[in-house]
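Trainee: Before we discuss packing, could you put the model in front of us?

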Amino acid sequence: MHLRALKKVKKDVSLHDPIGTDKEGNEITLIDVLQEEAEDIVDVIQTKMEKKQIYEYIHVLDEREKEVIVGRFGLNLEEERTQREIAKELGISRSYVSRIEKRALMKLFHEFYKQSQGKGAG
């Protein structure tokens, strides 16, 4: 009986078992090389909540600021784009996109702060 039990255990592999060494001689284990493919659900939910908050306050932005924020953060089911991509699309410099983005984010922050102060007081 005991030998059969040991035979089953012998096939078990731990994620912490060494499987080799790297270039610098450090031990590598299975857990070091395995990578999770799926996105972390907490990150997905956090991102959705943040996008929802942006939508609540986007009315404080002018049209150009909205274009930049929507493009940068992938709102309206779009892919997130770089400042350089947005600049090319709008025919302006990347640094100007950066300034617009910064101004828009400050407006959103102030609106969010103003609204959250109003909710806390009541």
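The questions below concern burial, the nonpolar core and the aromatic pairs of this predicted model.

Trainee: Is L75 buried or exposed?

Mentor: L75 sits in the loop between α4 (63-73) and α5 (83-90), and leaving aside its neighbours within four places in sequence, its contacts are K51, I54, Y55, I58, I69 and V70. Burial here requires a relative accessible area under 20%. Because L75 has a relative accessible area of 1%, L75 is buried.

Trainee: Which residues make up the largest nonpolar core?

Mentor: In soluble globular proteins, nonpolar side chains tend to be buried together. Helices α3 (41-57), α4 and α6 (94-121) each supply at least two residues of the largest nonpolar core in this model. That core has nine residues, namely I54, Y57, I58, L61, I69, V70, L75, A104 and L108.

Trainee: How many residues apart in sequence are the parts that the pair of Y57 and F112 ties together?

Mentor: The rings of Y57 and F112 form an edge-to-face pair, 5.9 Å centre to centre with 80° between the planes. Since Y57 lies in helix α3 and F112 in helix α6, the pair ties together parts whose separation in sequence is 55 residues.

Trainee: What kind of aromatic pair do F109 and Y113 form?

Mentor: F109 and Y113 are four residues apart in helix α6, so about one helical turn separates them. Their centre-to-centre distance is 6.3 Å, and with 20° between the planes, which falls under the 30 degrees cut-off, the pair counts as stacked.

Methods: Residues numbered from 1 in each chain as written. Predicted model: local features only at pLDDT ≥ 70, side-chain atom pairs only at ≥ 80, totals over all residues. Heavy atoms only, no water. Buried < 20%, exposed > 50% of the residue type's maximum accessible area, 1.4 Å probe, protein only. Contact = heavy atoms within 4.5 Å. Core = buried A, V, L, I, M, F, W, Y, C linked by side-chain atoms within 4.5 Å. Phe/Tyr/Trp six-rings, centres within 6.5 Å; stacked < 30°, edge-to-face > 60°.
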